[in-house]
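Trainee: I'd like to learn how to read a protein model. Could you take me through one, feature by feature?

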Amino acid sequence: MSGNIELLNTTLAAAKAADRAALIAYLPAGFPTVDGGIEAVKAVVAGGADVVEVGLPHSDPVLDGPVIQTADDIALRGGVRIADVMRTVREAYEATGVPILVMTYWNPIDRYGVERFTAELAEAGGAGCILPDLPVQESPLWREHADKHSLATVFVVAPSSQDARLATITAAGSGFVYAASLMGVTGTRASVGAQAQDLVGRTRATTDLPVCVGLGVSNAAQAAEVAGFADGVIVGSAFVKAMLDAPDEAAGLAAVRSLAGELAEGVRKR
């Protein structure tokens, strides 16, 4: 079975054709449980998310701040495995029909096996992977298998990335480019900052791929601000925090659906 990179491409193109940014939601697999994580994905899509990133919980998530680290710890203590991540992708895709990507650090894929991981992700209906710590120069093996299985390879660029480096990264990527709005880890912030707009402009000068901004967006006003200059708005910590702060799972699901609705409205008001 082929992966769903084309679904990702057409979804992002449809948002652009509608003169708006796409809303991309991040949620970790296995949080608060495997079943609960699947329901959370369904909830954010019901609220208005166009694309979902399913996080593969990791014990040393170098890009992620304390909120997502807490959720990852809950998932890992609950015994989550790569098979559960694949199940999350499969059931979420079958239930929603939206593109589902996996966001993961490289070590779990390397240990699991690149061919095995890409084949299983494609079979589950996945659209691709976001790989924040895989250097482009070390990515040919991954990209070979991702291409074979019609999976997107999304790399992360940062405000510190020089123009020549941006060109190298974007030439190797597919699906979209993940632009980190600032130097630091994931988490909600009072403002997203001018660095993000500059980075999007510099990245667009090197590629026709959509450029989507993550790190720091937590409310409709910030989503509207970022949607004014980016092709997609990525929100993770705000969804995870809503789940963590809820008194029970049902309340958490209602909270993330409501937040997705507010953010979806925000990206349409750019």
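Mentor: Sure, and keep in mind that this is a predicted model. Start with F117: its relative accessibility is 0%, and it counts as buried because the cut-off for that label is under 20%.

Trainee: Which ring does F117 pair with, and how are the two planes set?

Mentor: The partner is W142. The ring centres are 6.3 Å apart and the planes meet at 55°, so this pair is tilted. F117 belongs to helix 6 and W142 to helix 7, with their positions 25 residues apart in the chain, and the pair links these distant parts. W142 is buried as well, with a relative accessible area of 0%.

Trainee: How many aromatic pairs does the structure hold?

Mentor: There are three aromatic pairs. One of them joins W106 and W142, and it is edge-to-face, with 6.2 Å from centre to centre and 90° between the planes. Here W106 sits in helix 5 and W142 in helix 7 (residues 140–148), so the contact ties together parts that are 36 residues apart in sequence. W106 has a relative accessible area of 17%, which makes it buried.

Trainee: Which residues do the ring pairs link into a cluster?

Mentor: The cluster is made of W106, Y112, F117 and W142.

Trainee: Let's turn to charges. How many salt bridges are there in the whole structure?

Mentor: A search finds 13 salt bridges. To read one, ask which atoms approach each other, then where the two residues lie. Take D50 and R20: their closest N and O atoms are 2.9 Å apart. D50 is in the loop between helix 2 (34–47) and strand 2 (51–55), while R20 is in the loop between helix 1 (5–17) and strand 1 (22–28), so you're looking at a link between distant parts of the chain, 30 residues apart.

Trainee: Is D50 buried or exposed?

Mentor: D50 is buried, at 12% relative accessibility. R20 is buried too, and its relative accessible area is 14%.

Trainee: Where do E91 and R87 lie?

Mentor: Both are in helix 4 (residues 82–96), four residues apart, or about one turn of the helix. Their side chains form a salt bridge with an N to O distance of 2.9 Å. E91 is partly exposed, at a relative accessible area of 30%, and R87 is also partly exposed, at 28%.

Trainee: Which residue does R90 form a salt bridge with?

Mentor: R90 pairs with E123, and their closest N and O atoms are 2.4 Å apart. R90 lies in helix 4 and E123 in helix 6 (residues 114–123), so this bridge ties together parts that are 33 residues apart in sequence. R90 is partly exposed, with a relative accessible area of 26%, and E123 is partly exposed at 41%. Salt bridges can also share partners, and that is how D35, R87 and E91 are joined into one network.

Trainee: What about cysteines? How many disulfides does the structure hold?

Mentor: Zero. For C129, the nearest cysteine sulfur is that of C212, 16 Å away, and a disulfide would need the two sulfur atoms within 2.5 Å, so C129 and C212 don't form one. C129 is buried at 0% relative accessibility, and C212 is buried with a relative accessible area of 0%.

Trainee: And how do I read a pocket?

Mentor: Rolling a probe the size of a water molecule over the atoms shows where empty space is left. After that, look at the volume and the lining. The largest pocket holds about 200 Å³ of space. It is lined by 13 residues, and those closest to its centre are K16, D208, L209, P210 and D231. Helix 1 gives the largest share of this lining, five residues. By class, the lining has five nonpolar, three polar and five charged residues.

Trainee: How much space lies in the second largest pocket?

Mentor: About 170 Å³. Its lining includes L56, H58, V85 and N107, and helix 4 and helix 5 (106–112) each supply at least two of the lining residues. By class, this second largest pocket is lined by seven nonpolar, three polar and one charged residues.

Key
Residues are numbered from 1 along each chain as its sequence is written. This is a predicted model: local features need pLDDT of at least 70, side-chain atom pairs count only at pLDDT 80 or more; totals for chains, interfaces and linings use all residues. Side-chain values use heavy atoms; hydrogens and water are left out. A salt bridge is a side-chain nitrogen of Lys or Arg within 4 Å of a carboxyl oxygen of Asp or Glu. Buried means under 20% relative accessible area, exposed over 50%, partly exposed in between (1.4 Å probe, protein chains only). On a 1 Å grid over the protein atoms alone, a cavity is a set of points where a 1.4 Å probe fits but cannot get out, and a pocket is an open set with protein on both sides within 12 Å along at least five of seven lines; lining residues have an atom within 4 Å of a point. Grid points are joined across faces, edges and corners, and a volume is the space filled by probe spheres set on the points. Ala, Val, Leu, Ile, Met, Phe, Trp, Tyr, Cys and Pro count as nonpolar, Asp, Glu, Lys and Arg as charged, and the others, Gly among them, as polar. Rings of Phe, Tyr and Trp (its six-membered ring) pair if their centres lie within 6.5 Å; planes under 30 degrees apart count as stacked, over 60 as edge-to-face and the rest as tilted.
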